[in-house]
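Biologist: Could you take me through one part of this model up close, the surroundings of the ligand, and then show me how the rest of the chain fits around that picture? I'm new to this, so please keep it plain.

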Amino acid sequence: MRARAPLPLVLLSLSLFSLSFLCLCLCLSLSLSLPFSYPLPPSVFILQDVDPDAIRLKFPDPEKAKKNILIQASNVDYRWGSKDKPAEDGKLLLKDVSAQIEIQSRIGMLGANGAGKSTLIKLLLGEIEPVKGEIRNVASCRKAVFAQHHVDQLDLYATPLDTLRLKFPELSLQECRNYLGQFGITGDMVTMQMGFLSGGQKSRVVFSMLTKSQPSLIILDEPTNHLDMETIDVLIDAIKEFKGAVVLVSHDQYFLKSVATDYWCVVDGKLTSVPDFTDAKKITYGV
Ligand SMILES: Nc1ncnc2c1ncn2[C@@H]1O[C@H](COP(=O)(O)OP(=O)(O)O)[C@@H](O)[C@H]1O
Ligand SMILES: [Mg+2]
């Protein structure tokens, strides 16, 4: 006959077991509810855009430009490498490019990867010099350029509020909050570590910083790579409302068609400008 454990002992071990189970549950729920205090990999907790009303985006109005043409490129050639030490194959990346950006331009730039779109932007901004031809910054206007590396360079452990205050120390806390609100960064999001925000939310923080100077020209170099559909739609609306000029480089046909009224096609070093998207696609991709 097997000996039975006494009843009090059974009860004691049962209560000890349930107590340790409760402790385990408590620890687990605490570690899940307090993710923000731990330096966890930011990709683990991604907040999605939950409130469609809160994701509006408004670019500040630009100062009134004095001239209709902002930037003019005439017969520009470009190859990477310096004038003394040209690129090894000596081939031109851009050939005889002429184009202009006006105060209310809505330009969509198309071209295969490596065609020279980002290089053309650098030329237009005066960051690099053409080997031949001329680029004139006619109206000396303020410009803002958005590229993916701006989002990648955000400090993921700083909050949007800290990030904005660091860049614009002259703004009060409340002014920073109000300004972020224009970009749909509202409520708790303002004081959350950037690593917990979605790609779209991080992009909006960058948009807020880039456009604080009230640029007359906004250049978006492949902005949709990490944006969700809602943010793309919000960005389209913001561009439509913006009173300055926009140059948009993208492979996203929906985005290009919704925003642009002129298309720049960069193919084999040549720039062709057309007003119709179907023509632009044919010129660029042959379809
Ligand atoms: N800083 C640089 N130095 C040398 N070559 C570069 C540099 N930046 C881009 N290139 C080269 O110029 C070509 C066009 O690049 P880019 O303008 O970035 O193309 P796209 O934006 O159309 O994809 C590519 O072959 C690229 O490798
Ligand atoms: Mg590029």
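Modeller: Here is a walk from the ligand out to the rest of the chain. Keep in mind that this is a predicted model.

Let's start with ligand 1. The residues around ligand 1 include Trp 80 and Leu 93, and then a run of names with numbers in the hundreds: Gly 111, Asn 113, Gly 114, Ala 115, Gly 116, Lys 117, Ser 118 and Thr 119. Sorted by class, this shell has six polar residues, three nonpolar ones and one charged one. Which element gives the most to the shell? That would be helix H2, residues 117-124, which supplies three residues.

Now step back to the whole chain. You'll find nine helices and nine strands in its secondary structure. The chain has 287 residues, and 32% of them count as buried. If you take the contacts between residues at least 6 apart in sequence, 73% of them join residues at least 24 apart.

Next, look at the largest nonpolar core, which has 64 residues. The members that touch the most others are Leu 70, Ala 73, Met 109, Ile 218, Val 246, Leu 248 and Trp 264. Try clicking on Trp 264: beyond its neighbours within four places in sequence, Trp 264 is in contact with Ala 99, Ile 107, Met 109, Leu 271 and Ser 273.

Two backbone spots are worth a look too. Most residues other than glycine have a negative phi. Asn 75, in strand S1 (residues 69-78), has a positive phi instead, near 50 degrees. Is Asn 75 buried or exposed? Asn 75 is exposed, because just 12 other C-beta atoms lie within 10 Å, and 12 or fewer is the cut-off for that label. Glu 222 also has a positive phi near 50 degrees, but you'll find Glu 222 in the loop between strand S6 (217-221) and helix H7 (229-241). With 18 other C-beta atoms within 10 Å, Glu 222 is partly exposed.

Finally, how confident is the predictor? The average pLDDT of the chain is 86, and 84% of the residues score at least 70. Over residues 32-50, though, the pLDDT is below 50, and this stretch has 20 contacts in the model beyond near neighbours in sequence.

Conventions. Residues are numbered from 1 along each chain as its sequence is written. Chains are lettered from A and ligands numbered from 1 in the order in which they are written. This is a predicted model: local features need pLDDT of at least 70, side-chain atom pairs count only at pLDDT 80 or more; totals for chains, interfaces and linings use all residues. Helices (H or I, at least four residues) and strands (E, at least two) are DSSP runs, numbered from the N terminus. A residue is buried if 20 or more other C-beta atoms lie within 10 Å of its own, exposed if 12 or fewer, and partly exposed in between; C-beta atoms are placed from the backbone. Two residues are in contact if their C-beta atoms, placed from the backbone, lie within 7 Å. pLDDT is the predictor's confidence in each residue, from 0 to 100. A residue is near a molecule or strand if its C-beta atom, placed from the backbone, lies within 6 Å of it. Ala, Val, Leu, Ile, Met, Phe, Trp, Tyr, Cys and Pro count as nonpolar, Asp, Glu, Lys and Arg as charged, and the others, Gly among them, as polar. A nonpolar core is a set of buried Ala, Val, Leu, Ile, Met, Phe, Trp, Tyr and Cys residues joined through C-beta atoms within 7 Å.
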